[in-house]
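Please read this model chain by chain, and then contact by contact. Here are the sequence and the structure.

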Amino acid sequence: MGLTCQQLTCRRGRSTLFAGVSFSLHAGEALWVQGRNGSGKTTLLRSLCGLALPDRGAVHWQGKPVLATRAHYHSQLLHIGHADGLKPDLLAWENLALGGLPGERCSREAALRALDEIGLKAEAQRPVRLLSQGQRKRVALARLLLSPSRPLWILDEPLAALDQDSSAQVSQLLQAHCARGGMLVLTTHQDPALPGARQLQLGASC
Amino acid sequence: MDQPYYSTANGARRRLTVFTFASPRNFYHLAGRLIPWFTALGVLAGLAGLAIGLLFAPTDFQQGDAYRIIFVHVPAAWMSMLVYMAMAGWAGFGLAYHTGVSSIMASALAPTGALFTFLALWTGALWGKPTWGAWWVWDARLTSELILLFLYLGFMGLHASIADPRRADRAAAVLALVGAVNIPIIYFSVYWWNTLHQGPSVTLGNAPTMAPAMLAAMLLMVAAFWCYGIAVALRRARCIVLERHGSAAWLRRRTK
Amino acid sequence: MLKAARQLMQRDLLLAMRRRSDALMPLAFFLVTTTLFPLAIGPDTKLLRSVAPGIVWVAALLASLLGLQRLFADDHADGSLEQLLLSPQPLEVLVLAKVLAHWLTSGLPLLMLAPLVALQYGLDAEAMGVLWLGLLLGTPVLSLLGSIGAGLALGARGGSVLVALILMPLYIPLLILGSSAVVAASDGTGSAPHLMLLGALLAGSLAASPWAAAAALRIAYE
């Protein structure tokens, strides 16, 4: 039992973004969603999160429809979207401790440790608006270190704007997550270096 | 047959349910068949009502012939309220059941309702000049109508400001429902604020204080406005269906 | 759930502290607007005293409308609103937490300025007290109803003007009750019923607004 997607169809205006998308994801599996710009990757991910309503089809988590069991599903899900979800006026560690995931206990020390691990020890005390785009992305991704208990990770372009070292580090994080039995859905234009990841191509028919 | 059925264009039989006309295609055809009837009824009732009201109803003792404008003012005011409730109802249905046609119906009703409200305001002012001596005296009834006009404009403005039609429908539906809940509160507070307008002289279930001919004219005009409202809303709804589903196969076949 | 709400409120308060100008500008607007009217009408004390309740309430309303943008728009822009929607906590509670933080940084300072404005207009102590009490009950309603408007206008063109158009009819009962309470106090007819109705309005808004605002937010993200 895991994430199942059945005949998912999304329309934007008059055109169909994608139609009939179906897959089944189990523990330890990763899904790499590929497609050109505008092929609906972000919309697909948002539908999987239960944010966007699909025109047709359904998403199920552990057998139950996602839209009917939102609270439970969201407690098992970690989503990092295009926008990093960081408040520019808060310090980097404050974003993780206060802003990141409402309700999750995260102390200052835990936030600092996570930033240290991701290689941003020096930037931890700086407000996010002063960080570069790549550094901001890494602060957002530090959230992955803080919530190991959430089995499903849905990540939209996690490797964008990252340099090679950071990219490799994040790929390792993702691999470790799958090795622990977690599930992963991600979109990226670069190769995520995830051996064994299934691939889903969007926009092939449109 | 124990359940009602209907025949589709290609001869298949389908069961008739509440959601049968939630399909744009079925709705489009049904609306097309209803519009001529409601138009005819509306025109007839309107002509009859205006004839009785303007020609046959007796002159009022106090107000002379100027009172005759109530045959347009009162039905317009009633309809403006009724249409808002209908609009909120359709919008709520569409929000709950994700039926696009219900939301289209709500969007189609809005301009008609706004027009009725504007008509009520305008005829109210025309009536006010000879009776109160001023075009606008901020009485409770007319002020509430003005606020109702703002509610309609807010609904239409919100709908027009959101690009995605489905999202626009749903956001405007929330606003319509919030507005519907607030209308009693608004009316109450405006009455509290001012009590100048005469009490209603025709209410459902109460004996009217008007002559029978006046009552007949009033009810005919209400029926006329109602039929006009339905006909126009259905027509507008058909246009919106064309706009949104223009590329659908069943429409392309029709317009060939 | 309450922990999450408290954490969110703390975050919003911290952000407001870091960007004090965002929160203070509507207050400045309030002061400027209430100064404009005597300049336009003339310094006749009796006239000013009679129009004071209406002007203060309208100015408070307009200032509140201006300040509503920062309730959801900033969070929407940087993606943190999306994270709130993905939280397992009920969205209604989180919205209430945000509205409370918003009121603490917009309504409460306005309450502190109101006596100053009342003095400007020459209101006596009793009228000032009723005005203050009315604003105490009414400014949370401004924030609560405002959250519905702000949520609906997310992702729509039109910005503040659209929010104003949507919210004005909904604010009218509040306006009427608030200003007529002060008028009743000055007349001697007793402001208690007006204030009690204001309280009822507050209770109703507390119960219903988070629900409508949460629905509006979910729709904005569909």
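A residue is called buried here if 20 or more other C-beta atoms lie within 10 Å of its own, exposed if 12 or fewer, and partly exposed in between. By that rule P26(C), F30(C) and T34(C) are buried in α2(C). Keep in mind that this is a predicted model.

Stay with helix α2 of chain C for a moment. This helix covers residues 20-41. Its 22 residues should span 32 Å at 1.5 Å a residue, and the end C-alpha atoms lie 33 Å apart, so expectation and model agree. What lies over its buried residues? The cover includes α3 (45-67) and α6 (91-120) of chain C. Just after α2(C) comes G42(C), with a positive phi of about 115°.

Helix α7 of chain C runs over residues 125-152. Its 28 residues should span 40 Å at 1.5 Å a residue. The end C-alpha atoms are 40 Å apart, which agrees. The helix does have a kink, of about 30°, at L136(C). The proline P140(C) follows shortly after that kink. Most of α7(C) is covered, with 23 of its 28 residues buried.

Now turn to chain A. Its secondary structure consists of seven helices and nine strands. For 206 residues, a compact globule would have a radius of gyration near 17 Å; chain A has 17 Å, so the chain agrees with that rule. The C-alpha trace spans about 45 × 35 × 30 Å along its principal axes. Of the 206 residues in chain A, 45% are buried. Among contacts in chain A with a separation of 6 or more, 67% are between residues 24 or more positions apart.

Next come the strands. Strands of a sheet pair through backbone hydrogen bonds, either parallel or antiparallel. Chain A offers both kinds of pairing, beginning here with an open sheet of four antiparallel strands. Their order is β2-β1-β4-β5. Which strands stand at the edges? They are β2 (15-25) and β5 of chain A. Each has a single partner strand, so one side of each is left without a neighbour in the sheet.

Look at the pairing of β1 and β2 in chain A. Strand β1 holds residues 3-12, and seven bridges join it to β2(A). The two run antiparallel. Within this pair, L8(A) stands opposite V21(A) of β2(A).

The parallel pairing involves β6 of chain A, residues 77-80, and β7, residues 152-156. Four bridges join these two strands. One partnership sets I80(A) against L155(A) in β7(A). Are the faces of β6(A) covered or uncovered? Both are covered. L77(A) and H79(A) are buried on one side, and L78(A) and I80(A) are buried on the other.

Two loop residues deserve a look at their backbone angles. Q62(A) is not a glycine, yet its phi is positive, at about 50°. This residue sits in the loop between β4 (56-61) and β5 (64-65) of chain A. Q62(A) counts as partly exposed because it has 15 C-beta neighbours inside 10 Å.

H98(B) is the other residue. Its phi is near 55°, again positive in a residue other than glycine. H98(B) lies in the loop between α2 (70-97) and α3 (100-132) of chain B. With 15 other C-beta atoms within 10 Å, H98(B) is partly exposed.

Finally, consider how the chains meet. The contact between chains B and C takes 21 residues from chain B and 22 residues from chain C. On the chain B side, α4 (140-161) and α5 (165-193) each supply at least two residues. The largest share comes from α5(B), with 12 residues. By class, that side of chain B has 14 nonpolar, five polar and two charged residues.

Chain C also touches chain A. Here 23 residues of chain C are in contact with 23 residues of chain A. Which elements of chain C give two or more residues to this side? They are α1 (2-18) and α5 (80-85) of chain C. Helix α1(C) gives the most, with eight residues. By class, this side of chain C has nine nonpolar, seven polar and seven charged residues.

Note on methods
Residues are numbered from 1 along each chain as its sequence is written. Chains are lettered from A and ligands numbered from 1 in the order in which they are written. This is a predicted model: local features need pLDDT of at least 70, side-chain atom pairs count only at pLDDT 80 or more; totals for chains, interfaces and linings use all residues. Two residues are in contact if their C-beta atoms, placed from the backbone, lie within 7 Å. Ala, Val, Leu, Ile, Met, Phe, Trp, Tyr, Cys and Pro count as nonpolar, Asp, Glu, Lys and Arg as charged, and the others, Gly among them, as polar. The expected span of a helix is 1.5 Å times one less than its number of residues. The bend at a residue is the angle between axes fitted to the seven residues ending there and the seven starting there. The radius of gyration is taken over C-alpha atoms; the globule rule is 2.2 Å times the number of residues to the power 0.38. Two strands pair if DSSP finds at least two bridges between them.
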